[in-house]
Amino acid sequence: MLLGNKIKSLRDEQGILQRQVAAYLEIDTPMFSKIERGDGRAKRCQVIQMATYFKVDGKEMLTLWLADKILSDLEGEEDLKLTAIETAKNELMDVNR
């Protein structure tokens, strides 16, 4: 829900309605509302479009989108999720050396 919170915050700051963003993304307002609430997932291209629309850093928006995907996949794995994240981090660090 990190991305959803960011989108809501940006909309509120800029005084933009959900239906305006939905129209820009060429999706219906209920679908956009689900994305903002975290009940639906935006596509990667939609995240990039929203970054352009709100005039914010695309990498930041994509980072929040990816973090949401990771957190969703780890849901219910309370005993293992931190170890899994640490293992993945270590693997990424090894690949980047």
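## Exercises on a predicted six-helix model

At 75% relative accessibility, Lys-55 is classed as exposed. The model is a predicted one. The exercises below start from this residue and move on to helix packing.

**Exercise 1. Find where Lys-55 sits and what sign its phi has.**

Step 1. Locate the residue. Lys-55 lies in the loop between helix 4 and helix 5 (58-74).

Step 2. Read the backbone angle. Phi of Lys-55 is positive, near 60°. Lys-55 is a residue other than glycine.

Step 3. Set this against the general rule. Most residues other than glycine have a negative phi.

Step 4. Check the exposure. The cut-off for exposed is over 50% relative accessible area. Lys-55 has 75%, so it counts as exposed.

**Exercise 2. Describe Glu-26 by place, phi and exposure.**

Step 1. Place it. Glu-26 follows helix 2 and belongs to the loop between helix 2 and helix 3.

Step 2. Take phi. The value for Glu-26 is near 60°, which is positive, and the residue is not glycine.

Step 3. Take the exposure. Glu-26 has a relative accessible area of 75%, so it is exposed.

**Exercise 3. Work out which side of helix 2 is buried and which residues lie on the opposite face.**

Step 1. List the buried residues. In helix 2 they are Val-21, Ala-22 and Leu-25.

Step 2. Look down the axis. These residues cover an arc of only 100°, so they are on the same side of helix 2.

Step 3. Recall the helix geometry. An α-helix has 3.6 residues a turn, so residues three or four places apart point the same way.

Step 4. Turn to the other face. Arg-19 and Ala-23 are exposed there, away from the buried side of helix 2.

Step 5. Find the cover. Helix 1 (2-14), helix 3 and helix 4 (44-54) are among the elements that cover the buried residues of helix 2.

**Exercise 4. Do the same for helix 3: which residues are buried, and what do they pack against?**

Step 1. List them. Phe-32, Ser-33, Ile-35 and Glu-36 are the buried residues of helix 3.

Step 2. Take the arc. The buried residues of helix 3 fall within 160° as seen down the axis, so they line one face of the helix.

Step 3. Name the partners. The buried residues of helix 3 pack against helix 1, helix 2 and helix 4.

**Exercise 5. Classify the packing of helix 2 and helix 3, then take the contact apart.**

Step 1. Choose the descriptors. Two packed helices are described by the angle between their axes and the distance between the axes.

Step 2. Read both values. Helix 2 (residues 18-25) and helix 3 (residues 29-37) pack at about 105°, and their axes are 9 Å apart.

Step 3. Classify. Angles of 65 to 115 degrees count as roughly perpendicular. Helix 2 and helix 3 are therefore roughly perpendicular to each other.

Step 4. Name the residues. Helix 2 contributes Gln-18, Arg-19, Val-21, Ala-22 and Leu-25 to the contact. Helix 3 contributes Thr-29, Phe-32, Ser-33 and Glu-36.

Step 5. Sort by class. The contact of helix 2 with helix 3 has four nonpolar, three polar and two charged residues.

**Exercise 6. Summarise the whole protein chain: how many helices and strands are there, and what share is buried?**

Step 1. Count the elements. The protein chain has six helices and zero strands. Its pattern along the sequence is α-α-α-α-α-α.

Step 2. Take the burial. Of the 97 residues in the protein chain, 27% are buried.

Step 3. Take the surface. The accessible surface is about 6,800 Å², and 54% of it belongs to carbon and sulfur atoms.

Note on methods: Residues are numbered from 1 along each chain as its sequence is written. This is a predicted model: local features need pLDDT of at least 70, side-chain atom pairs count only at pLDDT 80 or more; totals for chains, interfaces and linings use all residues. Side-chain values use heavy atoms; hydrogens and water are left out. Axes are lines fitted to C-alpha atoms, for helices over the stretch in contact, and angles run from 0 to 180 degrees between N-to-C directions. Helices (H or I, at least four residues) and strands (E, at least two) are DSSP runs, numbered from the N terminus. Angles under 35 degrees count as roughly parallel, over 145 as roughly antiparallel, 65 to 115 as roughly perpendicular and the rest as oblique. Contact means heavy atoms within 4.5 Å. Ala, Val, Leu, Ile, Met, Phe, Trp, Tyr, Cys and Pro count as nonpolar, Asp, Glu, Lys and Arg as charged, and the others, Gly among them, as polar. Buried means under 20% relative accessible area, exposed over 50%, partly exposed in between (1.4 Å probe, protein chains only). Accessible areas come from the Shrake-Rupley method with a 1.4 Å probe; for residues, only the protein chains shown count as cover. The arc is that of the directions from the helix axis to the C-beta atoms.
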